[in-house]
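User: I would like to go through this structure with you and hear the reasoning behind each label. Please set every value against its definition.

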Amino acid sequence: MSAVLDHHDDHAHDHPHGWRRWLYATNHKDIGTMYLWFSFAMFLVGGCNALLLRAELFQPGLQLVNPEFFNSLTTMHGLVMVFGAIMPAFVGFANWQIPLMIGASDMAFARMNNFSFWLLPPAASLLVLSYFVPGGAPAAGWTVYAPLSVQMGPGMDLGIFALHIMGASSIMGSINIVTTILNMRAPGMTLMKMPLFIWTWLITAYLLIAVMPVLAGAITMLLTDRHFGTNFFNAAGGGDPVMYQHIFWFFGHPEVYILILPAFGIVSEIIPTFSRKRLFGYSSMVYATASIAILSFVVWAHHMYTTGMPVTGQLFFMYATMLIAVPTGVKVFNWLATMWRGAMTFETPMLFAVGFIFVFTMGGLTGIVLSMAPLDIQLHDTYYVVAHFHYTMVAGSLFAIFAGTYYWLPKWTGHMYDEGMGKLHFWLTLIFFNLTFFPMHFLGLAGMPRRYADYPMQFADFNMVATVSAFGFGLSQLVFLAVIIKCIKGGAKAADKPWEGAHGLEWTLPSPAPYHTFETPPIVK
C-alpha cells in the first residue's frame with residue numbers, strides 16, 4: 001500500500017509548474033486557454049493592420065503608406081484574422097467545452113492536442129516576420145491569386161510556409177475533435193442527444209479535414225511555380241491562372257462555413273439559457289447544419305462570376321448558393337422561436353447572441369444579393385463585398401466568440417465578470433461595428449473598388465465615417481480585455497450554475513412556454 005502511495009506522491013510532483021505547465025500542457029483546459037489567448041493576440045495584430053488601412057483611407061490621396069505596403073496590409077489583415085484569430089478562438093472553445101459537454105475526461109489525443117497548438121505561434125511569427133524581408137509581406141490579397149503571387153518576393157514564401165503549418169495544426173485538431181466526439185461520449189448520450197455546440201464542431205471538423213489539404217495543394221502548386229519552373233498557373237507555359245481560383249475557392253467557400261458553424265453552436269447554447277426554454281426544433285437544427293456543410297462544397301465558383309464562366313455554370317452556382325439560404329433561414333427561425341414568449345433576460349452573453357442574429361442575418365441578406373450573377377458582376381470586388389463578408393465574419397464569428405466568452409467565463413475562471421463593463425463592451429462594439437461597415441454597402445453600390453489605397457472625392461464622406469468608427473471599434477476591444485483580466489484576477493465568486501441562480505429562475509420550461517405573467521416563475525405541469 002505504501003508503495004502505491006509513494007508512487008502517487010511521485011506522480012503529484014510530475015505536474016509541471018510555471019512555464020512548463022504551458023509548454024508541456026496535455027490538459028484540454030490549459031490548451032483551450034492558450035488557444036484563446038493566442039487568438040486574442042492575433043486579433044490585436046490583425047486589428048492594427050486594419051486600423052492602418054482605415055487611416056490611409058480616411059481621406060482621398062496617399063497619406064501614410066505607399067500602395068504596395070497598403071496591399072500587404074490588406075493581405076496580412078485577412079490571413080491573420082482568418083487563420084490566426086477566428087479559427088484558433090473556436091478551437092479554444094472546442095478544447096475547453098467538448099470534453100465537459102460530452103462527459104469525457106479529456107480530448108482523445110492529448111499530446112497531439114499540445115502539438116497542434118504549438119505549431120501556431122511559429123506559423124504566426126513567420127507571417128509577421130514577412131514584413132521585414134526584402135520586398136515586404138505578401139501583397140496579393142488574402143486569396144493570394146496567381147499569377148500575381150508568383151511574382152512576389154520572399155515574403156510570399158514565408159506566407160505559404162505559415163499557411164502550411166497552420167493547415168497541419170487545423171487537421172490535427174480536427175482529427176482530435178472528431179475522435180473525441182465519436183468515441184468518448186458519456187453512456188446514453190446518443191448523437192441526437194448531443195448539445196448543438198458539439199454537433200456544429202463535429203461537422204466543422206469534418207469540413208476542415210476535407211478542405212485544408214485542398215488549400216495545401218493550391219499553395220504547393222504556387223510554390224513550385226515560383227521556384228521549380230512548373231507552369232500550373234502560367235498561361236505562357238500552358239497553365240491556367242483561373243485554375244488557381246477554382247482550387248482556392250473549393251477550399252475557400254467551405255472555409256467561411258468553418259468560421260461560422262461553431263458560432264451557430266455557441267449561439268444555440270446561449271439563446272435557450274437566457275430564454276429559459278429548450279431550443280426550438282433541435283433535430284432540424286442538426287440537419288440544417290449538416291445541409292449547410294454539404295452545400296458549401298458546390299457553390300465555390302460564385303466567387304468567380306467575372307472570370308468568363310459559361311452562363312450555364314453561372315446559373316448552377318447562382319441557384320446552389322441561393323439554396324444555402326434555406327437551412328440558414330431555418331436556424332434563424334429556430335433561434336427566434338426559442339426566444340418567442342420565453343422568460344428572457346439580457347445579460348451580456350444574450351446581448352451578443354441577439355446582436356449576432358440581427359447582424360449576421362443582414363450579412364446573409366447581402367449574400368443573397370451577391371449570389372445573383374448579374375448583380376454580382378456589377379458588385380464584384382467593390383466595397384459591397386467587403387461590407388457583406390464583414391457582416392458575416394465580424395458580426396457573425398466575432399460576436400459569437402464574445403458571447404461564448406462571457407457565457408463560459410464563470411465556468412472557466414470561477415468568478416463572475418463585471419456585467420456593467422460587459423454591457424458597455426457590447427453596445428460600443430455593436431454601434432461602432434455598424435457605423436464602420438454599413439456605409440461600405442453604399443460605397444460598393446456607388447462603385448468604389450476594394451484593395452485600393454486611393455479613391456475619388458465622391459467617396460470621401462462615407463470613408464471618413466468608416467475610418468473614425470473603425471478606431472472606435474478597435475478601442476472598444478480594450479474594454480473586453482479589461483473585463484477578462486478583472487474576471488481572472490477575482491470578482492464575485494460564480495455559483496455552480498451561474499445563469500440559473502442569478503435571477504431565482506431555477507426552472508426549465510417545455511416548449512412553447514405556458515401562459516403566465518413573468519412576475520413569478522410559472523408552474524410546470
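User: How do you know that the span of helix H4 agrees with its 36 residues?

Analyst: This is a predicted model, in which local features need pLDDT of at least 70 and side-chain atom pairs count only at pLDDT 80 or more, while totals for chains, interfaces and linings use all residues. Residues are numbered from 1 along each chain as its sequence is written, and side-chain values use heavy atoms, with hydrogens and water left out. Helices are DSSP runs of H or I with at least four residues, numbered from the N terminus, and the expected span of a helix is 1.5 Å times one less than its number of residues. For H4, residues 67-102, that gives 52 Å, and because the end C-alpha atoms are 51 Å apart, the two values agree.

User: Where does H4 bend, and what follows the helix?

Analyst: H4 bends by about 35° at Met81, the bend being the angle between axes fitted to the seven residues ending there and the seven starting there. After H4 comes Gly103, with a positive phi near 75°.

User: What makes H4 largely enclosed by the rest of the structure?

Analyst: Buried means under 20% relative accessible area, exposed means over 50%, and partly exposed lies in between (1.4 Å probe, protein chains only). Of the 36 residues of H4, 31 are buried, and therefore the helix is largely enclosed by the rest of the structure.

User: Why is the contact between Asp30 and Arg21 called a salt bridge?

Analyst: A salt bridge is a side-chain nitrogen of Lys or Arg within 4 Å of a carboxyl oxygen of Asp or Glu. In the pair Asp30 and Arg21 the closest N and O atoms are 2.8 Å apart, and the contact is a salt bridge. Asp30 counts as buried because its relative accessibility is 11%, whereas Arg21, at 38%, is partly exposed.

User: How many salt bridges are there in the whole structure, and which parts of the chain does the one between Lys486 and Asp418 link?

Analyst: The search of the whole structure finds five. One of them joins Lys486 to Asp418, with 2.6 Å between the closest N and O atoms. This pair links distant parts of the chain, 68 residues apart, since Lys486 lies in helix H18 (residues 460-489) and Asp418 in the loop between helix H16 (383-413) and helix H17 (419-445).

User: Why are Lys486 and Asp418 called partly exposed?

Analyst: Lys486 is called partly exposed because its relative accessibility is 42%, and Asp418 is called partly exposed because its value is 26%.

Definitions and conventions: Helices (H or I, at least four residues) and strands (E, at least two) are DSSP runs, numbered from the N terminus.
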